[in-house]
Amino acid sequence: WHNSMEEILKKTVAPFPSYEMRDKSPPPPESNSLEFMNFYKSLEKDKKLEFLEKLSYDFGVDHRWASDLAAKLLDTQVRDVATILQVEDRLRYSLTPRYRQLLTHISRVQGGVKFLVDLRADLIELASSKITDSPHMRDLNSNLKGLLSEWFSVGLLRLERITWQSPCEILQKISQYEAVHPVRNWTDIKRRVGPYRRCYAFTHASMPGEPLVVLHVALTEDIANNIQGIVREFSTLDTDEDVNKINAAIFYSISSTQAGLQGVELGNYLIKRVVRELQSEFPHIAQFSSLSPIPGFSLWLQGALGQHRKEGRAIELLSEQEWMEVEDVTGAAPGAPALEALRRLISTSEWIHSDRLIRALEPALMRLCAWYLYGEKRRGYALNPVANFHLQNGATMWRLNWQADTSQRGIASSCGIMVNYRYFLEETSTNSATYLQNKVVKASEQVMGLVSQFQKNSKL
Ligand SMILES: CC(C)(COP(=O)(O)OP(=O)(O)O)[C@@H](O)C(=O)NCCC(N)=O
């Protein structure tokens, strides 16, 4: 088995042409690429790991060759510029991993690009499950990501609007891929593409019929503060759109469908492309915003409460007054820690059945959520992945909305709170650069107000 891997690799990974022959050697027969693809597809997961490690290690850069040329380049520092450029070009060529030629050959056969997207998905999965951390595998991944980023650049993508007239197989895929607000039945999907709604996807010629990333938009009078009004409302499906009732475009769900295209930023490009599309259809639309979930807030809150468990209550998180309300409503005896009672209420979502608790907890949960989104970081960037995504795109953390998602899932995952990331079109590129370079989060006065209330209480 071992040697059959070696054989396949030796046979299908074309030898690296010499520098002089680099543009003169014909590509290997397509059958080589097809044989490589079929062999790889036949492997089990653990064999794929072994195979990819071999490919990345034995068919990467010829380090000896590269270092000889690097030394030579140092010698030429005193030579004329033409010689220096010549040696630099040789060095550059020697730093191309041998398998890179294989990847470009595979991309040219039928189904080759899709094969490479799926192969990168395997690489990402292997890396994230810490099964391997070899530098050669990381090199293979970044080389492949580089190629995919070129092949899937915006100019080569096609924007498709999905409507009720789209082919069933596309509507079926859109429903299946919807990762944010699951589509339950035909009525759901019909509403998603009906009046006051738009659904767009990017497709690529190399993967026909495959939506790569899907964006769902609601056209509303003003910026939405509740998701049920968008995904559950029984808006009569056969009304025509009244343009005068459309002043805002709300992105309420976005999902990428190809794990192997992670890091290629398709979602960001799709949002920007759809904004342009909507501006040409509705020139007067001036408000573009997401209505986003806050996955992870409830868990984070449980952790924060847990840290103060021993004190029985945490006045950094809730004020005296708020704790007393909790004690009052839960009947927690003054001695017994109201904190435990609150933790249980949050983890069972019980609190949502008491209007008094909803009113009593709103200020506290809103300022805790503002801090979770704005203050909690991972390597300097927003801890919450959805916040990080929109902030990378240059959006502004614009408004927290209480009782925005009253579904079971919404209450359980983020205490029912949702957030609008607002796209101020003339600011997105500056905001994106400031966020990515200086890790500065652009937030509105409402959000900053809630954050400073939190900081006053907790002196964080
Ligand atoms: C939010 C999404 C679409 C961003 O994708 P994309 O713009 O391609 O970012 P990246 O994967 O290139 O970093 C993607 O991360 C996704 O599908 N997330 C799960 C569903 C969601 N919206 O959180």
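In the β8–β9 pairing, residue T396 has R422 of β9 as its bridge partner. This pairing belongs to a predicted model, in which strand β8, spanning residues 396–401, runs antiparallel to β9 and is joined to β9 over 5 bridges. Strand β9 covers residues 418–422, and 5 of its 5 residues are buried, leaving the strand mostly covered. The side chains of β9 alternate in direction, with M418, N420 and R422 pointing one way and V419 and Y421 pointing the other way, and all of these residues are buried. R422, the bridge partner of T396, is thus among the buried residues of the strand.

A comparable description applies to strand β2. Because 8 of the 8 residues of β2 are buried, this strand is largely enclosed by the rest of the structure. Both of its faces are covered, one by way of R197, C199, A201 and T203 and the other by way of R198, Y200, F202 and H204, every one of which is buried. Strand β2 pairs with strand β1 (residues 157–161) in the antiparallel sense over 5 bridges, and within this pairing E160 has A201 of β2 as its bridge partner. Strand β2 also pairs with strand β3 (residues 213–220), again in the antiparallel sense, over 6 bridges, and here F202 is matched with V213 of β3. A201 and F202, which take part in these bridges, lie on opposite faces of β2.

The loop that leads into β2 from α10 (186–192) contains Y196. The phi angle of Y196 is near 60 degrees, a positive value in a residue other than glycine, and in general most residues other than glycine have a negative phi. Y196 counts as buried because its relative accessibility is 15%, and the cut-off for that class is under 20%.

A positive phi is also found at E265, where the angle is about 65 degrees although the residue is not a glycine. E265 lies in the loop between β4 and α12 and, with a relative accessible area of 39%, is partly exposed. Strand β4, on one side of this loop, includes S253, which is buried with a relative accessible area of 3%. S253 and V264 are separated by 11 residues in sequence and by 19 Å in space, as given by their C-alpha atoms.

E265 also belongs to the surroundings of the ligand, since the 13 residues around the ligand include I254, S256, G263, E265 and G267 as those that come nearest. The ligand sits in the largest pocket, and the elements that give two or more residues to the shell around the ligand are β4 (248–256) and α12 (266–281). Three polar contacts to backbone atoms can be described individually. A nitrogen atom of the ligand is 2.6 Å from a polar backbone atom of I254, whereas an oxygen atom of the ligand is 2.8 Å from a polar backbone atom of E265, and an oxygen atom of the ligand is likewise 2.8 Å from a polar backbone atom of G267. Taken alone the ligand exposes 510 Å², and the protein buries 69% of that area.

Helix α6, which comprises residues 98–107, is mostly covered, as 7 of its 10 residues are buried. The buried residues of α6 are Y99, L102, L103, T104, H105, I106 and S107.

Conventions. Residues are numbered from 1 along each chain as its sequence is written. This is a predicted model: local features need pLDDT of at least 70, side-chain atom pairs count only at pLDDT 80 or more; totals for chains, interfaces and linings use all residues. Side-chain values use heavy atoms; hydrogens and water are left out. Buried means under 20% relative accessible area, exposed over 50%, partly exposed in between (1.4 Å probe, protein chains only). Helices (H or I, at least four residues) and strands (E, at least two) are DSSP runs, numbered from the N terminus. Two strands pair if DSSP finds at least two bridges between them. A residue is near a molecule or strand if one of its heavy atoms lies within 4 Å of it. A polar contact is a pair of N or O atoms within 3.5 Å; within protein, one must be able to donate a hydrogen and the other to accept it, and residues adjacent in sequence count only if both atoms are side-chain atoms. Accessible areas come from the Shrake-Rupley method with a 1.4 Å probe; for residues, only the protein chains shown count as cover. On a 1 Å grid over the protein atoms alone, a cavity is a set of points where a 1.4 Å probe fits but cannot get out, and a pocket is an open set with protein on both sides within 12 Å along at least five of seven lines; lining residues have an atom within 4 Å of a point. A molecule sits in a cavity or pocket if more than half of its atoms lie within 2 Å of its grid points.
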